[in-house]
Structures are given as C-alpha cells and as structure tokens.
Amino acid sequence: MIVAHVRGHHTRPEELDEHARASWLGKLDPRAKIVGAVVFAVATALLTRTDLILASLLLAVSFGAMSQVPYRHLVRMYLGALPFILMASVSVFLFSGLERGFDMWARTSSCVITLLVLASGTETYELFSGLRRLKVPKLVSTLLMLTYKYILILGDELARMKTARTARGFKVGRGLFDGRGFRIISYTAGMVFVRASARADNGYEGLRARGFRTDMRQMRTSRLKARDFAFMAWFACLSSLLVILQLGASQ
Amino acid sequence: MHIPDGLMDPLIAGLGWLEFAVIAAIAIYMSGRRIKDKDLPRIAVLCAGIFVAQMLNFPIGGGTTGHLIGGALFAIMVGPVIAIVGMTVILLIQALMFGDGGLTAFGLNAVNMAIIAPLMGWGVYTMLKPLLSRGEVQPGKTFTAGEAFAIGAGAWASVLIASAACAAELAVSYAISDGAYGIAATVSVPAMLGYHAVIGVGEAIITVGVAAYVLKVAPEMFKSTTSRPVTTMGIKGILSSRIAQATAAILIAFALALPLYFIYSSEGADGLEKTMEDAGVGEPEPLLTSPFTYGEDYFAALFAGILGFVAVALVGLGMMRVLRAGRPAE
C-alpha cells in the first residue's frame with residue numbers, strides 16, 4: 001500500500017480517485033476546476049482584511065461541504081498540512097499580534113482546503129489531462145502520467161520491503177549515529193531504484209507495443225460545457241469581489 | 001519545506017513563479033533535446049523512485065524524523081537539467097494530489113526544491129569530486145572515500161541551501177508586508193537552517209548509501225557520468241567542462257537569490273558603520289580604491305558576485321595545486 005509521504009498522514013492515491021467518483025466535482029472538466037482553484041487561491045493570497053479572509057475561509061469550507069468529498073478525508077489531509085500553517089501563524093502571532101496570526105491561519109487554510117477539495121474531487125489522470133490541455137509542456141505532462149503510474153507500483157514494492165525488513169527484526173534507530181539503521185534505509189531506497197530501473201525497461205516495451213512515441217496521446221477530448229463555464233464564472237466572480245473589496249479598503 | 005498558499009507575500013510568490021518559469025523553460029527545452037523516447041519511462045521511474053524514497057523517514061534524534069528530499073541524488077544520477085524537470089514533476093504531483101505546497105507558492109517551492117537543491121547538490125559534488133576522488137577504491141566499495149564525501153557534501157549543501165532560500169523568502173515576505181505574510185527572520189532563519197543542517201546529514205548519509213548501492217548493482221542508472229561526449233577545444237571546450245558547468249550551477253542558485261537581497265536590502269548603516277557614527281568616528285580616505293563595487297542594480301550585483309565567486313574559486317584551486325605540488329608523487 002502506498003502512503004502519502006507528507007508528514008505521515010496515510011492516503012492511498014486510489015482512495016483519492018474513489019472520492020472523485022463520488023463527488024459531483026468529478027463530472028466537471030478538470031480545466032475548469034484547475035482555473036477556478038488557481039483564481040481563488042490567487043485572490044485569497046492577496047487578502048489582508050480579516051473579514052474578507054474569513055469570508056474566503058467560509059467559501060472554501062462551504063465548497064468542501066458541497067463537494068460530497070467525505071469530510072473525514074478532507075480533515076485528515078488538512079491535518080497533514082497543519083504543522084507548517086501553525087508554525088507560520090504562531091510566529092506571526094508572537095511578532096505581530098493575535099489578529100495577524102489569525103489572518104495567516106485563516107488565509108492559508110482557505111487556500112489549502114480549496115486545493116484539497118480540487119485534488120480529492122478530480123481523478124488523478126483527469127487532473128493531468130487537464131494540465132495537458134491547459135498547455136503544460138508535453139514533456140512534463142507525459143512524465144506526470146508515467147510517474148504516477150510507477151509511484152503506485154513502487155509504493156507497493158516499498159511496502160513489501162518494509163514488511164520484509166520488519167519481519168527480520170529491523171527497527172528505526174534513535175538518531176543520526178545509528179549506522180546500521182541508515183545502511184538498511186539507504187539500501188532499501190537503493191533497491192527501490194534498481195527495481196524501478198528494471199521495471200522501466202519492461203514498461204518501455206509495453207508502451208511501445210501500445211503505440212507510445214515520446215508522448216502520451218490524448219484520449220480525452222471533451223469540450224467545456226455550460227456547467228464548466230458556470231463553475232469558473234462562480235469562482236471568478238467571488239474572487240473578483242474579494243479582491244475589489246480588499247483594494248477598496250486599502251485605498 | 002513545502003510552502004502553502006497564503007503564507008508568502010504576493011510579490012515574493014510572483015517572483016518565485018517568474019524565476020521558476022524562466023529556468024524551467026530552459027530546462028525543459030534542453031531536456032527535450034537530450035531525452036529520447038526510450039529514456040522517458042526510465043526518468044519517470046526515477047521520479048517515482050525519488051517520490052517513494054521520500055516516504056522513508058530516518059531518525060534525526062530527539063524523537064523527530066526527517067525524510068529524503070532527493071534533489072542532489074537525482075542530479076548526480078541523471079544530471080541537473082533533467083533533475084530540474086523531474087523534481088518539478090514530483091512537486092506537481094505532491095501539490096495537486098496531496099495539497100502539499102500551494103499553487104501560488106508553487107513557483108517558490110519549485111525554485112527551492114526543484115532548482116536550487118539539484119543545482120547545488122550537483123555543483124558541489126562535481127567541484128569536489130576531482131579534488132577528493134584520489135586514491136584507490138577499497139575492496140568491496142564502489143567509490144573512494146573522497147568521492148563518497150563529495151556526494152555527501154553535495155547532498156548536505158543541497159538541503160541546507162534550499163532551506164536557506166526558503167527561510168530567506170519567508171523572512172523577506174515578513175519584512176516587506178509589515179508582518180502580514182511570511183515568518184520573521186529571527187524565527188525562520190534559525191529554525192529552518194538548524195533543523196535542515198541536521199536533516200542534511202541524514203540526506204547525505206542516505207544519498208551516499210543509495211549511490212553506492214545503485215553503482216554496485218545497476219551502474220547504468222548513472223547517466224550523468226556516461227551520456228555526454230567531452231569537447232576539449234575552444235569556448236565549447238570550456239563550456240562543456242564539468243567544472244565550468246558546476247560553477248554555472250552554483251551561480252544560478254546565487255542569481256535566483258539575488259532579487260530577494262534587493263527587495264530586502266536596507267539603505268541603513270551596518271553594525272560597524274552605526275558604531276562609528278555613534279562614536280563620532282568618521283571613515284578615513286582609503287589608501288586604494290577598488291575599480292569594482294557591489295553594484296546598485298541586479299545585473300551589476302550579479303556581475304560582482306560572479307567575479308567574487310570566480311576569484312575565490314581560482315585562489316582556492318591555486319592553493320590546492322600548491323599543496324598538491326608539495327606532496328611526493330604517488
């Protein structure tokens with residue numbers, strides 16, 4: 001089983017796709033979702049007024065609640081990002097006061113929640129396909145798709161290796177001076193690369209057999225529909241309103 | 001080290017995107033020319049390998065753990081240009097799938113972990129390798145102790161400099177926004193540098209271990225040492241020399257950090273000048289005046305920095321040569 005490497009919170013990528021299928025967000029064009037999320041994140045990042053930041057946070061939470069993505073899943077992923085958010089917020093609180101610290105927490109949380117809803121409400125390959133159609137370079141989008149495929153495979157391999165070494169009595173040491181522990185961790189990582197290399201060669205043959213020529217061909221060619229435009233317009237209007245109110249307040 | 005949205009001042013976040021866009025465009029163009037279709041799955045697998053290796057936590061003491069960043073390892077294995085593209089792909093997956101690092105802050109995250117980390121790691125390794133990899137490889141080992149030190153130093157420097165860049169971005173954000181964004185330098189600099197100086201040791205040990213293992217079992221994975229012919233004549237020869245490229249890699253990291261200096265720099269007096277002012281002591285006329293200054297704009301300062309770096313590097317190499325000339329021949 002693959003685990004999210006981020007700060008120890010456990011999330012299977014397959015699990016993300018399950019939520020995407022359950023959510024109405026999954027039916028929207030990924031381009032609309034990416035553009036909407038980016039516009040909202042940029043607008044929120046510009047806010048410094050507490051009431052507007054709170055409004056943005058409320059919108060993000062409402063978006064999460066309406067998305068039909070299980071709230072437990074969103075909370076678990078949010079908790080993974082929380083330590084860094086709290087470090088920043090507490091630092092600002094100590095140096096600039098409670099209100100600034102609160103603003104920092106709310107603003108960052110608003111953006112993180114929106115991004116998590118986007119990630120959870122979109123199937124992974126749809127997301128990459130959306131990036132491709134938003135003119136992300138072919139090399140990057142092809143590598144994204146191939147890398148994700150291999151992450152699932154290698155994650156399983158790593159889990160098996162971890163199980164094997166635990167069965168042999170391996171325990172993570174207490175510090176940097178645990179030479180044996182570090183050697184085992186290094187060799188485990190090294191073995192991941194070596195097994196990965198062997199798989200790449202086999203993978204290439206398979207890809208060639210399916211007609212791969214330096215580029216993952218685009219199988220999805222859907223057009224933006226009225227609901228996609230409505231989604232983008234909704235985010236654009238809300239984001240514009242927040243920015244206009246912010247700029248009006250600062251003049 | 002993944003910066004979320006809303007933490008950075010919009011100006012600094014925009015600057016990060018601008019720097020990332022320029023470097024990434026160059027790296028993608030250069031990679032596109034070098035990568036053949038059969039290399040793509042191999043590079044994707046390396047990206048996946050680095051991503052998965054990042055899941056391996058190692059102990060750093062006090063009950064806390066760190067994890068591999070992998071920028072130096074990637075660059076040492078396939079070269080810095082492809083490593084920049086590969087690390088960008090890893091960061092994109094982390095940001096889009098796990099919300100680890102924001103969209104507006106993606107430029108800064110990519111500058112720190114996908115550009116500075118591989119460039120510094122590869123630059124330091126490439127500069128130190130010819131100086132340290134003398135002597136014979138011990139039986140059962142894959143490289144000399146000196147070469148292992150060069151790999152470790154590259155990995156450590158990659159983590160430390162990337163974290164220093166992150167700390168500087170946080171500090172400058174805090175300073176220019178009057179505390180609305182970022183983290184104060186008094187918190188961000190010691191916290192980031194202190195923590196990552198220790199994590200860097202773990203990164204160095206694991207990078208050396210992984211490199212030793214992979215070199216022993218699958219040496220063909222180290223493409224950076226075998227894939228390019230070496231030209232020895234003229235300007236092309238100088239540009240294709242590893243030392244010149246390593247120097248360029250380190251200078252690019254310096255050039256990326258310079259805008260932050262201009263945003264943050266103060267017109268006020270430094271510590272000594274302030275003390276002299278307070279004591280009523282004037283600065284006497286200098287005996288000699290240098291034809292160079294630190295520069296008033298970005299390119300002048302960049303030129304001064306490059307000049308200073310090359311001068312220090314030449315003096316250092318000259319001293320090494322003098323010391324080596326004094327030793328008896330092996």
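Two residues are taken to be in contact when their C-beta atoms, placed from the backbone, lie within 7 Å. By that rule, in this predicted model, the contact between the two chains draws 75 residues from chain A and 63 residues from chain B. On the chain A side, at least two residues each come from helix H1 (13–22), helix H2 (30–46), helix H4 (71–96), helix H5 (98–120), helix H6 (124–133), helix H7 (138–167) and helix H8 (179–209). H8(A) supplies the largest share of that side, 18 residues. Sorted by class, the side of chain A that touches chain B holds 48 nonpolar, 20 polar and 7 charged residues.

A look at chain A itself helps to place these helices. Its secondary structure amounts to 9 helices and 0 strands, and buried residues account for 43% of its 251 residues. Among the chain A contacts that join residues at least 6 apart in sequence, 81% link residues at least 24 apart. The domain assignment divides chain A into domain 1 (6–132 + 223–250) and domain 2 (138–209). Where these two meet, 6 residues of domain 1 are in contact with 5 residues of domain 2. H6(A) gives the most to the domain 1 side of this meeting, with 5 residues. That side divides into 4 nonpolar, 1 polar and 1 charged residues.

The interior of the model can be followed next. The largest nonpolar core has 163 residues, and those with the most contacts inside it are A:Leu143, B:Cys47, B:Ala48, B:Ile84, B:Ile115 and B:Ile116. Helix H6 of chain B (residues 145–176) provides the largest share of this core, 20 residues. Domain 1 and domain 2 of chain A both give residues to the core, so it lies between them.

One of the residues with the most contacts inside the core, B:Ile84, offers a handy way into chain B. Leaving aside residues up to four places away in sequence, B:Ile84 touches B:Ile23, B:Ala24, B:Ala27, B:Ala114, B:Ile115 and B:Pro118. Among these partners, B:Ile23, B:Ala24 and B:Ala27 are also buried residues of H1(B). An α-helix has 3.6 residues a turn, so residues three or four places apart point the same way. The other buried residues of H1(B) are B:Ile12, B:Ala13, B:Leu15, B:Gly16, B:Glu19, B:Phe20 and B:Ser31. Helix H1 of chain B (residues 10–34) has 25 residues and reaches 35 Å from its first C-alpha to its last, close to the 36 Å expected at 1.5 Å a residue.

Terms used
Residues numbered from 1 in each chain as written. Chains lettered and ligands numbered in written order. Predicted model: local features only at pLDDT ≥ 70, side-chain atom pairs only at ≥ 80, totals over all residues. Helix = DSSP H or I, 4+ residues; strand = E, 2+ residues; numbered from the N terminus. Nonpolar A, V, L, I, M, F, W, Y, C, P; charged D, E, K, R; others polar. Core = buried A, V, L, I, M, F, W, Y, C linked by C-beta atoms within 7 Å. Buried ≥ 20, exposed ≤ 12 C-beta atoms within 10 Å, placed from the backbone. Domains from an automatic or database assignment. Expected span 1.5 Å × (residues − 1).
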